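Please look through the structure shown here, moving from whole chains to single residues. The paragraphs after it follow that order.

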Amino acid sequence: MANVSTTVAAGVAPASGGDRTRTLHRAIFIGLALMLAVAPFLVYPVFLMKVLCFALFACAFNLLLGFGGLMSFGHAAYFGMASYVSAHAAKVWGLTPELAILAGTAVAMVLGAVFGALAVRRKGIYFAMVTLALAQMVYFLSVQAPFTGGEDGIQAVPRGRLLGLISFADDRVLYYFVMAVFMGGLLLIYRVIHSPFGQVCKAIRENEPRAISLGYRPLHYKLAMFVLSAGLAGLAGATKAIVFQLASLTDVHWSMSGEPVLMTLIGGIGTVFGPIAGALVVVSMQNYLAHLGAWVTVVQGGIFILAVLIFREGIVGFIAGRLKQQL
Amino acid sequence: MGKPWKYLLPLVLAMNLTAGAAVAEKVKFGVLTDMSGPFSDLSGAGSVEAARLAIEDFGGEVLGEKIELIFADHQHKPDVGLNTARQWYDVDGVDVILDVPNSAIALAVNTLTAEKKKIAIYASAATDRLTEDSCNGYGLHWTFDTYSQTRGAARALIEQGIDTWFLLVADYAYGHSMEEAMREAVTGAGGKIVGSVRHPLQTLDFSSYLLQAQNSGAKIVALASGGDVTINAIKQGREFGLQQGGQRLASLLTFITDVHGLGLDMMQGLQFAVPYYWDMDDQTRAFAKRFHERTGKMPGEAQAGIYSGVLHYLRAVKAVGSKDSDQVLTWMRDNPVEDMFSRHGKLLPNGRMVHDMYLVEVKSPADKAYDWDYYRVVSTIPAERAFRPLSESACPITKGK
Amino acid sequence: MFELIGITPQVLFGQLLLGLINGSFYAILSLGLAVIFGLLNIINFTHGAQYMLGAFAAWMLLNYAGIGYWWALLLAPLIVGALAIVAERLLISRLYKLDHLYGLLLTFGLALVIQGLFRNYYGASGLPYAIPPLLSGGHNLGFMFLPNYRGWVVVASLTVCLTTWYMIEKTRLGSYLRAATENPVLTEAFGINVPRLVTLTYAFGVALAAFAGVLAAPIYSVNPNMGADIIIVVFAVVVIGGMGSILGSIITGFGLGLIEGLTKVFYPEISATVIFIIMAIVLLIKPAGLFGRAT
Amino acid sequence: MAETARNVAQADPAPQLAVENLHAWYGESHVLHGVTFAVKPGEVVTLLGRNGAGKTTTLKSIIGIVGRRTGSIAFAGTETIGMVSRAIARLGIAYVPEERGIYASLNVEENLMLPPQVRPGGFTVEQIFELFPNLRERLASQGTKLSGGEQQMLAIARILRTGARTLLLDEPTEGLAPVIIQQIGRTLARLKQEGFTIVLVEQNFRFAQSVADRHYIVEQGRVIDMIANDELDANHDKLQTYLGV
């Protein structure tokens with residue numbers, strides 16, 4: 001989706017940013033951390049944890065789309081597989097939650113490396129289709145593999161104790177752990193985007209032949225980006241499994257792959273903070289419209305259509321355009 | 001950035017705060033059910049209505065507060081079901097979760113319920129694991145389970161010489177429990193299982209499985225799915241000529257809504273066990289009439305069970321004067337369950353509510369006298385034989401007692 | 001020989017035949033996707049929902065208007081095709097100047113809306129649609145009992161696929177379509193109304209999906225979710241065949257149905273996954289697909 | 001009519017094609033900066049100029065396939081600047097693009113029959129085969145399997161069928177052998193004789209000289225000069241500076 005991200009970026013300040021941009025970003029990070037720190041005293045922590053997990057998931061997706069120029073329609077595979085592995089590790093192997101999450105993340109990265117190697121050979125719409133189909137393969141494997149529990153999923157996953165010491169039974173304690181995971185993931189993404197590696201990815205996205213002529217190997221960079229994105233999606237999924245004490249087929253189903261797409265689209269493709277806003281909107285909507293049953297799907301689809309037709313820059317993209325700042 | 005948070009967060013906060021403000025002593029039921037899926041006929045809106053009837057019959061109030069009732073659609077997704085249940089217990093102040101037509105979700109809710117020390121009354125989940133290995137005393141299994149459905153019916157069929165079985169099983173908790181129970185029941189009664197195959201829960205096309213069943217040479221192809229999935233399988237079995245090949249199709253867990261959906265033509269002569277039939281006596285008919293006025297349908301097994309469960313719970317709360325789960329449960333166990341649904345009913349410590357079951361036979365279209373006149377009651381299976389006795393239960397909290 | 005590998009010919013031929021029936025649906029659906037993709041460069045994610053709409057149109061024609069299966073086979077594709085024209089003019093046509101991925105997102109959203117609406121009104125459990133009396137019953141082929149209707153599905157879909165292929169490859173109208181696919185700007189500069197051609201092509205591709213939906217109605221019962229999962233399999237079929245290749249999508253559709261049938265005999269555990277595994281292999285060896293041109 | 005065409009443009013009351021102050025853009029880049037010229041009925045004019053001067057873009061603007069264009073293009077008195085290309089084509093203008101635009105997915109016959117008739121009185125298929133006998137034998141071949149010369153003939157042949165009397169030809173001689181170029185020259189001469197109006201973009205100014213009545217010099221998106229064909233030799237030096245030949 002090279003054009004997409006460039007059109008978004010076009011109205012915004014130069015990529016290198018400036019001191020002003022950097023100060024602004026730092027302020028946002030600190031503000032975000034403060035807001036998240038007080039939030040569980042005001043809002044149901046389980047809901048917040050769900051938002052954070054999905055926000056991280058969406059950020060991982062956006063890393064690949066907005067900064068790597070590749071739109072994956074199969075991120076549920078990494079999210080869901082990590083969720084299964086983490087649930088299995090915590091429940092069956094009895095690992096502590098942080099190790100279970102790491103195990104899930106690692107598996108997601110391996111899976112990302114395998115699928116990425118296949119998928120990055122294609123671009124644009126082909127890439128989307130290939131990732132979608134590969135993810136569906138994971139879905140069917142999950143339906144049949146014994147360790148996933150099929151339609152039942154892996155239930156009653158113990159939340160356990162952090163490092164074997166701090167109990168996660170209390171929602172708020174767990175919340176701060178999830179918040180730390182989220183902030184860590186976000187910072188990592190931010191650093192990657194602004195690293196030399198991120199700049200090369202950006203160059204490839206904008207003009208691949210030119211990048212090749214400069215001596216870069218686009219496939220290697222794309223694959224690295226893909227693995228990173230899959231790993232972060234896995235981190236989100238693995239954490240979610242611990243929070244909800246459940247890993248199920250929903251996590252690997254293709255409709256789950258659509259969630260980060262919608263969140264990123266609403267928040268702003270190619271913005272650092274957009275997917276977070278998008279996740280908040282989508283998860284809130286799903287939560288508070290839940291009693292409407294299948295109408296949630298209709299509303300979600302409607303938002304998809306409207307966002308594509310008239311609001312392609314997204315919430316944060318819109319604000320960034322107004323402020324003439326990169327966000 | 002920052003801006004969307006500024007606008008959105010207060011909104012979210014406001015919504016949450018209002019949702020969280022539940023009055024402590026108000027009794028609240030949550031029907032966690034299938035409002036739109038394959039089990040929506042046998043539970044769904046009818047379950048909600050049955051709970052409402054029970055609350056009305058009780059007077060609408062207990063402990064001086066109005067009794068509340070909410071419901072949600074779990075869409076057969078364990079995560080949706082579990083999250084709804086968690087939010088109900090944590091935020092919405094729900095005391096009792098009802099129905100849960102999906103064994104996998106019921107099992108997840110069961111764990112959560114014990115953790116939160118609340119109560120769940122299952123009316124349409126069939127897996128007996130709820131009162132066996134996953135039992136915890138807080139989950140009450142009210143209407144039927146895989147044990148009650150397989151024992152009597154399997155014996156009856158095998159006595160008629162139908163002794164080789166092929167199992168077509170929905171691949172989730174319920175199907176697995178049912179498969180296990182059928183294996184036990186069939187081999188126990190001298191029959192033989194010649195093959196089995198598992199299919200995804202919401203399968204639309206059974207052709208490949210039916211072909212395997214045909215090639216197995218079994219005399220009966222027993223379905224362990226339920227709802228529309230079963231209906232589809234029976235229809236396609238007919239399309240692929242199972243009957244012409246001399247095979248029978250049977251579903252041991254058959255709901256009256258299935259019979260209604262498929263018609264007597266296809267179902268006549270089948271025998272199976274039911275916990276309730278609306279046309280048994282004046283009491284059941286009186287309830288059925290009121291239910292029919294509201295929903296346009298006769299009450300199904302699960303729906304009648306919900307009525308009974310809600311009523312028994314409310315009586316307990318009133319008698320105890322509190323909704324403390326442990327006290328309420330003690331009262332519920334100590335007092336017999338007698339109402340239009342339950343005869344000789346008693347709640348066991350493992351959460352199993354045992355009551356009389358009935359072996360019924362589906363009437364032929366010619367014998368049908370009026371709408372919903374579908375069954376002939378062949379015999380009554382007394383409560384103590386219909387369900388697994390406590391002595392055989394694998395429930396960790398009652399074992400060895 | 002069959003006994004040697006522990007498989008009876010009954011099972012083998014039976015599953016192959018069932019595979020061919022499934023392949024019929026894959027072929028019609030992937031053909032429609034390929035036709036649309038060729039000209040519009042859009043992966044029509046709504047295709048599954050439109051397949052479902054076809055089945056529902058047949059159901060509604062029967063239940064609200066008393067119009068039976070045979071007329072539905074003609075009318076339902078026309079109705080759903082007409083709806084597709086509205087969707088194309090109103091929504092999709094606004095995206096042609098943008099990245100094609102927006103088309104994917106839009107049609108994805110549209111699929112969610114359509115499926116959600118039908119779940120609301122008709123529930124997720126499916127509505128019965130009877131097999132037309134002319135095709136009820138079946139024949140014993142020796143190795144299996146073949147319901148007449150399923151035989152008809154194979155015949156009907158083969159006919160429709162080959163007719164479509166002929167129309168596109170051998171007729172005047174088809175040459176317009178191919179020209180517009182190859183070079184829309186020049187084709188328009190000759191005075192050919194390419195936007196209208198695009199609209200009609202979309203409608204035609206969708207009508208194919210609706211036709212498949214009517215064919216499926218008596219087999220699978222009419223269900224709002226019937227298109228949701230099959231469409232992903234069909235995507236894989238299109239990727240394997242090579243996107244935009246007409247004949248490729250037909251051959252791949254039937255071929256993969258057969259392969260799926262074979263795996264049900266020899267290794268049933270992977271029957272749901274086999275198409276995706278083949279897709280991965282094809283991508284490794286021939287990234288543009290079996291019949292696709294390199295891009 | 002052909003004789004009057006030799007007079008200067010403004011002397012004629014009704015040009016077949018009048019382009020005035022034409023600007024055109026590809027995306028953000030502004031390519032034409034006010035092109036003005038006119039072609040009288042039955043006249044053959046060429047647009048000469050260096051690579052990238054804007055000749056091809058001018059033709060594309062006339063037929064309506066450039067992203068954004070402003071100014072005025074009047075065809076037989078009808079303003080076409082706001083029209084879509086298919087409507088412009090329907091007025092009776094036909095276009096042979098650079099590199100001929102033969103469709104690979106169509107065979108020769110389909111390529112030939114593709115453009116719809118916009119006016120009565122186009123060439124019949126028989127007349128076309130008389131003009132280009134090679135095409136008759138190759139009807140079933142894939143369009144792009146023809147030789148370059150044959151493809152060029154096909155590209156011209158298919159627009160003759162349409163009945164359009166004004167032709168826009170973009171470098172019809174590019175990359176062709178001298179024999180073929182001669183054949184195309186003969187064809188153009190015949191078309192001119194029959195009263196066709198032709199706008200030709202050419203690099204090969206020897207060829208241009210052999211067929212055209214007048215030459216417009218295009219440079220940096222503008223028409224900077226006009227030279228009548230019979231004055232071409234006299235202006236050889238000027239031409240050399242314009243074209244760098």
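The radius of gyration used here is taken over C-alpha atoms, and the value expected of a globule is 2.2 Å times the number of residues to the power 0.38. In this predicted model, chain D has 245 residues, for which a compact globule would have a radius of gyration near 18 Å, and the 17 Å of chain D agrees with that. The C-alpha trace of chain D spans about 45 × 40 × 35 Å along its principal axes, and its secondary structure comes to nine helices and 10 strands. Of the residues of chain D, 56% count as buried, and among its contacts with a separation of 6 or more, 69% are between residues 24 or more positions apart. Chain D exposes about 10200 Å², of which carbon and sulfur atoms supply 49%. Chain D carries 24 positive and 26 negative charges, and the mean positions of these two sets are 4 Å apart.

Chain B can be read in the same way. With 401 residues, a compact globule would have a radius of gyration near 21 Å, and chain B, at 22 Å, agrees with this. Its C-alpha atoms fill a box of roughly 65 × 55 × 50 Å along the principal axes, and the chain has 14 helices and 16 strands. Buried residues make up 63% of chain B, while 70% of its contacts between residues at least 6 apart in sequence join residues at least 24 apart. The exposed area of chain B is about 13900 Å², with 50% of it supplied by carbon and sulfur atoms, and the mean positions of its 40 positive and 48 negative charges lie 3 Å apart.

How the chains meet is the next point. Four pairs of chains touch, and among them the most contacts are between chains A and C. By contrast, no contact joins chain A and chain D, whose closest C-alpha atoms lie 13 Å apart, and chain B and chain D do not touch either, their nearest C-alpha atoms being 30 Å apart.

Within chain A, helix α8 covers residues 196–206, and its buried residues are A:Gly198, A:Val200, A:Cys201, A:Ile204 and A:Arg205. These buried residues cover an arc of only 160° around the axis, which puts them on the same side of α8(A). An α-helix has 3.6 residues a turn, so residues three or four places apart point the same way.

A helix of chain B offers a single buried residue to follow. B:His312 lies in helix α12, residues 301–320 of chain B, and counts as buried because its relative accessible area is 1%, where the cut-off for buried is under 20%. Leaving aside residues up to four places away in sequence, B:His312 touches B:Trp142, B:Trp331, B:Met332, B:Asn335, B:Pro336 and B:Val337.

The last stop is the backbone in two loops. Most residues other than glycine have a negative phi. B:Gln75, which is not a glycine, nevertheless has a positive phi near 55°, and B:Gln75 lies in the loop between β4 (68–73) and α3 (78–92) of chain B, where its relative accessibility of 35% makes it partly exposed. C:Asn41, also a residue other than glycine, has a positive phi of about 60°. C:Asn41 is found in the loop between α1 (9–40) and α2 (47–65) of chain C, and, with a relative accessible area of 31%, C:Asn41 is partly exposed.

Terms used. Residues are numbered from 1 along each chain as its sequence is written. Chains are lettered from A and ligands numbered from 1 in the order in which they are written. This is a predicted model: local features need pLDDT of at least 70, side-chain atom pairs count only at pLDDT 80 or more; totals for chains, interfaces and linings use all residues. Side-chain values use heavy atoms; hydrogens and water are left out. Buried means under 20% relative accessible area, exposed over 50%, partly exposed in between (1.4 Å probe, protein chains only). Helices (H or I, at least four residues) and strands (E, at least two) are DSSP runs, numbered from the N terminus. The arc is that of the directions from the helix axis to the C-beta atoms. Contact means heavy atoms within 4.5 Å. Accessible areas come from the Shrake-Rupley method with a 1.4 Å probe; for residues, only the protein chains shown count as cover. Lys and Arg count as positive and Asp and Glu as negative; His and the chain ends are not counted. The place of a charge is taken as NZ of Lys, CZ of Arg, CG of Asp or CD of Glu.
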